[in-house]
Amino acid sequence: MELAVLKHNGEETGRKVSLSDEIFAIEPNDHAIYLDVKQFLANQRQGTHKSKERAEIAGSTKKIKKQKGTGGARAGSIKSPLFRGGGRVFGPRPRNYSFKLNKKVKQLARKSALTYKVKDNSLTVLEDVSFDSIKTKNYVALLSGLSLADKKTLLVLPEANNNVYLSSRNLPKAQVKTVADINTYDVLHADTLVLCEGSVSKLETLLSK
């Protein structure tokens, strides 16, 4: 498969780039995508939730009423879960939500996500991007030239470029990452995936290992 390489204003450069069928035209595996996205979202959780149990409540240990003769149930502590302000039974505790996922499953998931982008005509190849200064309007002009100003986009750079990244950071629908940092969730979350010309070969090398 070949795609035309576009200029920053949306016009064709006259060059074409070949996409490997082993990366961009496989049989998508939805379960691998599910597992990879699940792991990504699990890793975003801090797991710092905590509620106090009965032994951790600060309160009097005095028996709050006599054992018999009140006509009600027995009660020995104000820290009981039955009372307002008491401890919580089986409350959440700090934990780590991350889990292991095999490298081949993660690679299959990313290949499947890229294949879906190609099938949906949601993949664009752009000549390499580099800004002289950090200005949001430069990135807005780039998206406008590609007719993507109102869409969620993921621009994949071959290498880190601080000017491009910082120019996009104020735009809620724009995301910029390097080839080494992209994941299945980001690819699927974007309406359009924009690959820099130099990113294609690096992406194929990364996913063919």
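User: Let's start with packing in this predicted model. Helix α4 lies across which strands, and at about what angle does α4 run to β5?

Analyst: Happy to walk through it! Helix α4 covers residues 136-145. It lies across β3, β4 and β5. Its direction relative to β5 comes to about 95 degrees.

User: Which strands does α7 touch, and what angle does its direction make with that of β6?

Analyst: Helix α7 packs on the sheet. The strands it touches are β1, β2, β3, β4 and β6, the last spanning 192-196. With the direction of β6, that of α7 makes about 95 degrees.

User: Nice. In what order do the strands of the open sheet come, and which are the edge strands?

Analyst: The open sheet is formed by 6 strands with mixed pairing, in the order β2-β1-β3-β6-β4-β5. Neighbouring strands are turned by 30 degrees against each other on average, direction ignored. Pairing on one side only marks the edge strands, which are β2 (12-18) and β5.

User: How is β4 joined to β5, and what is the handedness of the crossover?

Analyst: Strands β4 (residues 153-157) and β5 run parallel, joined by 5 bridges. Within this pair, L155 stands opposite V176. From β4 the chain passes through helix α5 (residues 162-168) to reach β5, and this β-α-β crossover is right-handed.

User: Which residues of β5 are on its covered face?

Analyst: Strand β5 takes in residues 174-178 and has two faces. Q175 and K177 belong to the uncovered one. The covered face holds A174, V176 and T178.

User: K177 makes me curious: which residue forms a salt bridge with K177, and is that partner buried or exposed?

Analyst: The closest N and O atoms of this salt bridge are 2.6 Å apart, and the partner of K177 is D186. D186 has a relative accessibility of 5%. Since the cut-off for buried is under 20%, D186 counts as buried.

User: How far apart in sequence are the parts that E159 and K202 tie together?

Analyst: E159 and K202 form a salt bridge, with 3.2 Å between the closest N and O atoms. E159 is exposed at 55% relative accessibility, while K202 is partly exposed at 35%. E159 sits in the loop between β4 and α5 and K202 in helix α7 (residues 197-207), so the pair links parts that are 43 residues apart in sequence.

User: And how many salt bridges are there in total?

Analyst: One of them joins the side chains of K50 and E56, at 2.9 Å from N to O. K50 is partly exposed at 42%, and E56 is partly exposed at 40%. The count comes to 6 salt bridges.

Definitions and conventions: Residues are numbered from 1 along each chain as its sequence is written. This is a predicted model: local features need pLDDT of at least 70, side-chain atom pairs count only at pLDDT 80 or more; totals for chains, interfaces and linings use all residues. Side-chain values use heavy atoms; hydrogens and water are left out. Buried means under 20% relative accessible area, exposed over 50%, partly exposed in between (1.4 Å probe, protein chains only). Helices (H or I, at least four residues) and strands (E, at least two) are DSSP runs, numbered from the N terminus. Two strands pair if DSSP finds at least two bridges between them. A crossover is right-handed if, with the strands pointing away from the viewer, the path from the first strand over the helix to the second runs clockwise. A salt bridge is a side-chain nitrogen of Lys or Arg within 4 Å of a carboxyl oxygen of Asp or Glu. Axes are lines fitted to C-alpha atoms, for helices over the stretch in contact, and angles run from 0 to 180 degrees between N-to-C directions. Contact means heavy atoms within 4.5 Å.
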